[in-house]
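I opened the notebook to write down what I looked up in this model, strand by strand and then over the surface. The entries follow in the order in which I made them.

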Amino acid sequence: QRVLDEFISMPVLYRGPVLSQAPNPMYVMVYVKELSKKVAVKVPRKMQNKITKGKLIYLEADNSGVEPKYNWVKTPQRT
C-alpha cells in the first residue's frame with residue numbers, strides 16, 4: 001500500500017462535525033475521528049454562513065506542504 005501511495009496520489013476524504021467557527025472567518029474547526037484530533041478546515045466564502053456548529057461536512061487533506069492543510073469539499077454523490 002505504501003508503494004502505491006507514493007506512485008498514485010489519491011485524495012484522502014474525511015468527514016466530521018463542525019465544532020465552532022475559527023477566529024479567521026474563512027475557517028471552521030472540525031473534529032476528525034480517523035485522526036483523533038480537531039483541525040481547521042478552509043471553507044469557500046459562499047458557504048461560510050451555511051456551515052454551522054454541529055453540521056457534518058466532508059474535507060480533503062492537502063499534503064503538499066510540511067503540515068497537512070484541510071479544505072472543504074462538496075458531499076460525494078452516491079451512485
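**Entry: β1 against β4**

I looked up the partner of G16 and found that G16 stands opposite I57 in β4. The pairing of β1 and β4 is antiparallel and runs over six bridges, where I take two strands as paired if DSSP finds at least two bridges between them. For the elements themselves I use DSSP runs numbered from the N terminus, with helices as H or I runs of at least four residues and strands as E runs of at least two. I note here that this is a predicted model, in which local features need pLDDT of at least 70 and side-chain atom pairs count only at pLDDT 80 or more, while totals for chains, interfaces and linings use all residues. Residues are numbered from 1 along each chain as its sequence is written, and side-chain values use heavy atoms, with hydrogens and water left out.

**Entry: the faces of β4**

Is I57 buried or exposed? I57, which is found in strand β4, counts as buried because its relative accessibility is 3%; the cut-offs are under 20% relative accessible area for buried, over 50% for exposed and partly exposed in between, with a 1.4 Å probe and protein chains only. I then followed the side chains along β4 and found that they alternate, with I57, L59 and A61 buried and pointing to one face, and L56, Y58, E60 and D62 pointing to the other and not buried. I also took one C-alpha to C-alpha distance from this residue, and I57 and E34, 23 residues apart in sequence, are 14 Å apart in space.

**Entry: β4 against β5**

On turning to β5, I found five bridges between β4 and β5, which pair in the antiparallel sense, and A61 stands opposite Y70 in β5. These two strands form a hairpin with six residues between them. G65 is found in the loop between β4 and β5, and I enter G65 as partly exposed because its relative accessible area is 44%.

**Entry: β1, β2 and β3**

I next went through the strands that come before β4. Strand β1 (residues 12–21) pairs with strand β2 (residues 27–32) in the antiparallel sense over three bridges, and S20 has M29 in β2 as its bridge partner. The hairpin of β1 and β2 has five residues between the strands.

How many bridges join β2 to β3? I found six, with the two strands running antiparallel; among the facing residues, Y27 stands opposite K42 in β3 and V28 stands opposite V41 in β3. In the hairpin of β2 and β3, with four residues between the strands, I stopped at S36, whose phi is positive, near 55°, in a residue other than glycine. I list S36 as exposed because its relative accessible area is 54%.

I then checked β3 against strand β5 (residues 69–73), and here the pairing is parallel, over two bridges. K42 has N71 as its bridge partner in β5.

**Entry: surface patches**

For patches I took residues with over 30% relative accessible area and no salt bridge, joining like charges within 9 Å and nonpolar side chains (Val, Leu, Ile, Met, Phe, Trp, Tyr) within 5 Å. A salt bridge here is a side-chain nitrogen of Lys or Arg within 4 Å of a carboxyl oxygen of Asp or Glu.

Which residues gather in a patch of positive charge on the surface? I found K46, K50, K55 and K74 there. K46 lies in the loop between β3 (37–42) and β4 (56–62), and I count K46 as exposed because its relative accessible area is 70%. From C-alpha to C-alpha, G65 and K46 are 26 Å apart in space and 19 residues apart in sequence.

A nonpolar patch on the surface is formed by V3, L4, F7, I8 and M10, which together have about 590 Å² of accessible area, a value from the Shrake-Rupley method with a 1.4 Å probe. One of these residues, V3, lies in helix α1 (residues 2–7), and V3 is exposed because its relative accessible area is 54%.

**Entry: the whole chain**

I closed with the overall count, which is one helix and five strands, in the order α-β-β-β-β-β from the N terminus on. Of the 79 residues in the protein, 24% are buried, and the C-alpha trace spans about 40 × 35 × 25 Å along its principal axes.

Definitions and conventions:
Lys and Arg count as positive and Asp and Glu as negative; His and the chain ends are not counted. The place of a charge is taken as NZ of Lys, CZ of Arg, CG of Asp or CD of Glu.
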